[in-house]
Amino acid sequence: MKNPKKTKGQLIVLSGPSGVGKSTVISELLSERSDIYFSVSFTTRGPRVGEADGVNYFFVSREQFEGMIERNELLEYAEYVHNYYGTSLRLIQEKLEQGIDVLLDIEVQGAAKVRSRCPEAVLIFIVPPSFEELSRRLHGRATDQEEVIQGRLEKAREEYKEIPRYDYLVVNDKVSDAASEIIAILAAEDCRTRNRMHLVEGI
Ligand code: 5GP
């Protein structure tokens with residue numbers, strides 16, 4: 001799948017509302033495209049049951065996170081529901097330089113920062129088939145209280161306003177279809193003239 005002659009990796013940003021099934025789509029995508037590097041973010045929120053440090057996130061204190069901000073170590077960061085989340089600049093730069101595609105699962109403020117710092121990044125927003133379906137999924141999935149669910153739906157409405165900033169919109173009705181669409185998007189991005197000029201140099 002990967003273009004062996006690629007000189008620089010593609011930076012891929014994936015955003016979507018809570019409850020859309022983004023992590024499931026990402027798992028499916030990474031099982032099909034194991035050459036993609038998934039960027040593990042830093043966060044000040046505590047680990048949830050089943051989450052491991054260095055796998056889901058690097059869990060750090062607020063002081064540590066603020067140190068990273070001061071030292072300019074983050075490509076982007078945002079405060080989301082009272083916690084910091086951010087992407088290490090060094091980790092992803094190394095991969096991109098090696099020609100490896102890097103996937104970021106980040107929220108809309110962070111995506112806007114990536115857009116301004118890396119205009120060539122591809123931004124993909126994942127939505128559920130309908131808002132009613134999002135509400136159904138949030139109600140169906142867990143032990144969250146109604147108030148928390150309503151908060152998430154409200155946040156989703158705000159996030160939807162940012163959709164026009166994204167390059168692609170993928171509907172997660174069936175996970176395998178959503179993953180296939182993302183794979184198709186990435187294949188098309190690989191074929192962009194600017195990503196292929198090295199193939200015709202010297203002619
Ligand atoms: P959660 O706490 O549910 O894991 O994540 C909350 C939100 O933070 C999700 O929308 C997720 O995409 C976003 N997020 C995770 N890592 C980062 C990051 O490094 N930067 C930004 N801006 N958002 C992130």
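These legends describe close-up views of a predicted model.

**View 1. The five-stranded sheet.**
The strands of this open sheet follow the order β2-β7-β1-β8-β9, and their pairing is parallel. The edges are held by β2 (37-38) and β9 (168-171); each has a single partner strand, so one side of each is left without a neighbour in the sheet. Helix α3 (residues 89-97) packs on the sheet, where it touches β1 (11-15), β2 and β7 (102-105). The direction of α3 makes about 150° with that of β7. Helix α4 (residues 108-117) lies across β1, β7 and β8 and runs at about 155° to β1.

**View 2. Strand β8 and its two partners.**
Strand β8 covers residues 122-127 and pairs with β9 in the parallel sense over four bridges. Towards β1 there are also four bridges, and β1 and β8 run parallel. Single residue pairs show how the strands line up: S15 stands opposite F125 of β8, and F125 in turn stands opposite L169 in β9. Further along, V127 stands opposite V171 in β9. In a regular strand the side chains alternate between the two faces of the sheet. In β8, V122, I124 and I126 lie on one side, while L123, F125 and V127 lie on the other, and both of these faces are covered. Six of the six residues of β8 are buried.

**View 3. A111 in helix α4.**
A111 is a residue of helix α4. Is A111 buried or exposed? Its relative accessibility is 1%, so A111 counts as buried. Not counting residues up to four places away in sequence, A111 touches V13, S15, I106, L123 and Y166. S15 also appears in View 2, opposite F125 in β8. E76 is 35 residues from A111 along the chain, and the C-alpha atoms of the two are separated by 8.1 Å.

**View 4. The four-stranded sheet.**
A second open sheet has four strands in the order β4-β3-β6-β5, with mixed pairing. Its edge strands are β4 (57-59) and β5 (74-80); each has a single partner strand, so one side of each is left without a neighbour in the sheet. On average, and with direction ignored, neighbouring strands of this sheet are turned by 25° against each other. Strands β5 and β6 (residues 83-88) pair in the antiparallel sense over six bridges. Within this pairing, Y77 has G86 of β6 as its bridge partner. Helix α2 (residues 62-70) packs on the sheet, touching β3 (41-43), β5 and β6, and its direction makes about 45° with that of β6. Helix α3 packs on this sheet as well, touching β4, β5 and β6, at about 30° to the direction of β6. The contacts of α3 with β1, β2 and β7 belong to View 1.

**View 5. The ligand and its surroundings.**
There are 15 residues around the ligand, and S41, R45, Y57, Y85 and D105 come nearest. Which side chains place a polar atom beside an oxygen atom of the ligand? Among them is Y57, with a polar side-chain atom 2.5 Å from a ligand oxygen atom. For K22, a polar side-chain atom lies 3.0 Å from an oxygen atom of the ligand. In T87, an N or O atom of the side chain is 3.3 Å from a ligand oxygen atom. The ligand has 510 Å² of accessible area on its own, and the protein covers 88% of that area.

**View 6. The buried residues of helix α5.**
Helix α5 spans residues 131-141. Which residues of α5 are buried? They are E133, L134, S135 and L138. Helix α6 (146-160) is included in what covers them. An α-helix has 3.6 residues a turn, so residues three or four places apart point the same way.

**View 7. E189 in helix α7.**
Helix α7 runs over residues 175-190 and contains E189. With a relative accessible area of 4%, E189 is buried. Leaving aside neighbours within four places in sequence, E189 is in contact with Q10, V122, Y168, R194 and N195. One of these, V122, is itself buried, on a face of β8 shared with I124 and I126.

Notes:
Residues numbered from 1 in each chain as written. Predicted model: local features only at pLDDT ≥ 70, side-chain atom pairs only at ≥ 80, totals over all residues. Heavy atoms only, no water. Pairing = 2+ DSSP bridges. Contact = heavy atoms within 4.5 Å. Axes fitted to C-alpha atoms, helices over the stretch in contact; angles between N-to-C directions. Near = heavy atom within 4 Å. Polar contact = N/O pair within 3.5 Å; in protein donor to acceptor, adjacent residues only side chain to side chain. Areas by Shrake-Rupley, 256 points an atom, 1.4 Å probe, with all protein chains shown as cover. Buried < 20%, exposed > 50% of the residue type's maximum accessible area, 1.4 Å probe, protein only.
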